Amino acid sequence: MKFINIGFGNMVAADRVISLVSPDSAPIKRLVSEAKDAGRVIDVSCGRRTRAVIIMDSDHVILSAIQAETIANRLDNASEDDGSEEEEEEE
C-alpha cells in the first residue's frame, strides 16, 4: 500500500483516492459543506487556505493546503513506482 504526503506530515492511501479537485467551484464548496454537516470532513490544512479537496472511497472529504497539481504529481509518481516494481518482478 502506497501513501501520499498531503502536507504537514499527513498521508493518505493512494489506492483509496477517488478524486482530487480544486475547492473553488460552487459544486465542490457545496460538497464540502454537506460533508461537514455529516461529519465526514478531515481538515489537514493546519489553518491555512484550502487548495485541494481529496475525495476518498469511504466518502470522506479531505481538505489540504497543498496544491491539487502537486498532490496529483505525487500520485503519478507513486503509480509509476508500482509499475516498475511489477516489471522487475516479472523478469
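This is a short tour of the structure, one selection at a time.

**The whole chain**

Begin with everything shown as a cartoon, and keep in mind that this is a predicted model. The chain has 2 helices and 6 strands, and from the N terminus on these elements follow one another as β-β-β-α-β-β-β-α. Along the principal axes, the C-alpha atoms fill a box of roughly 50 × 25 × 20 Å. Of the 91 residues in the chain, 27% count as buried. If you turn on contacts, residues 24 or more positions apart account for 50% of those with a separation of 6 or more.

**The first hairpin**

Select residues 3-7, which are strand β1, together with residues 10-13, which are strand β2; the two run antiparallel and are joined by 4 bridges. Between them lie 2 residues, and in the turn of this hairpin you will find Phe-8 with a positive phi of about 55°. To see how the two strands line up, show Phe-3, which stands opposite Ala-13 in β2.

**The four-stranded sheet**

Next, move to the open sheet of 4 strands, whose order is β3-β5-β6-β4 and whose pairing is mixed. Which strands stand at the edges? They are β3 (17-21) and β4 (41-43), and because each has a single partner strand, one side of each is left without a neighbour in the sheet. Looking across the sheet, you can follow a twist that averages 20° from one strand to the next.

Now select β5 (residues 52-56) and β6 (residues 61-64), which pair in the antiparallel sense over 4 bridges. These two strands form a hairpin with 4 residues between them, and Asp-59 in its turn has a positive phi of about 70°. Two pairs of facing residues are worth displaying here: Ile-55 stands opposite Val-61 in β6, and Ile-54 stands opposite Ile-62 in β6. Ile-62 also serves as the bridge partner of Ile-42, and β4 and β6, which run parallel, are joined by 3 bridges.

Stay with β6 and show its side chains, since both faces of this strand are covered: Val-61 and Leu-63 on one side, and Ile-62 and Ser-64 on the other, are all buried. In a regular strand the side chains alternate between the two faces of the sheet.

**The helix on the sheet**

Add helix α1 (residues 26-38), which packs on the sheet and touches β3, β4, β5 and β6, its direction making about 115° with that of β6. Its 13 residues reach 18 Å from the first C-alpha to the last, close to the 18 Å expected at 1.5 Å a residue.

Which residues of α1 are buried? Show Ile-28, Val-32 and Ala-35, which are buried in this helix; they cover an arc of only 65° around the axis, which puts them on the same side of α1. The elements that cover the buried residues of α1 include β3, β4, β5 and β6. If you then rotate to the other side of the helix, Lys-29 and Asp-37 are exposed. Just after the helix comes Gly-39, which has a positive phi near 75°.

**The nonpolar cores**

Hide the cartoon for a moment and select Ile-4, Ile-6, Val-12, Ala-14, Val-44, Ala-52, Ile-54, Met-56, Ile-62, Ala-68, Ile-71 and Ala-78, the 12 residues of the largest nonpolar core. The elements that give two or more residues to this core are β1, β5 and α2 (68-90). A second, separate core of 7 residues includes Val-32, Ala-35, Val-53 and Val-61.

Two members of the largest core make good closing stops. Centre first on Ile-71: apart from its neighbours within four places in sequence, this residue is in contact with Ile-4, Ile-6, Leu-20, Ala-52, Ile-54, Ser-64 and Ile-66.

Then centre on Met-56, found in strand β5. Why does Met-56 count as buried? The cut-off is under 20% relative accessible area, and Met-56, at 8% relative accessibility, therefore counts as buried. Not counting residues up to four places away in sequence, Met-56 touches Val-12, Ala-13, Arg-16, Val-17, Ile-18 and Ile-62. As a last selection, display the C-alpha atoms of Met-56 and Asp-15, which lie 41 residues apart along the chain and are separated by 9.3 Å.

Key. Residues numbered from 1 in each chain as written. Predicted model: local features only at pLDDT ≥ 70, side-chain atom pairs only at ≥ 80, totals over all residues. Heavy atoms only, no water. Pairing = 2+ DSSP bridges. Axes fitted to C-alpha atoms, helices over the stretch in contact; angles between N-to-C directions. Contact = heavy atoms within 4.5 Å. Expected span 1.5 Å × (residues − 1). Buried < 20%, exposed > 50% of the residue type's maximum accessible area, 1.4 Å probe, protein only. Arc of directions from axis to C-beta. Core = buried A, V, L, I, M, F, W, Y, C linked by side-chain atoms within 4.5 Å.
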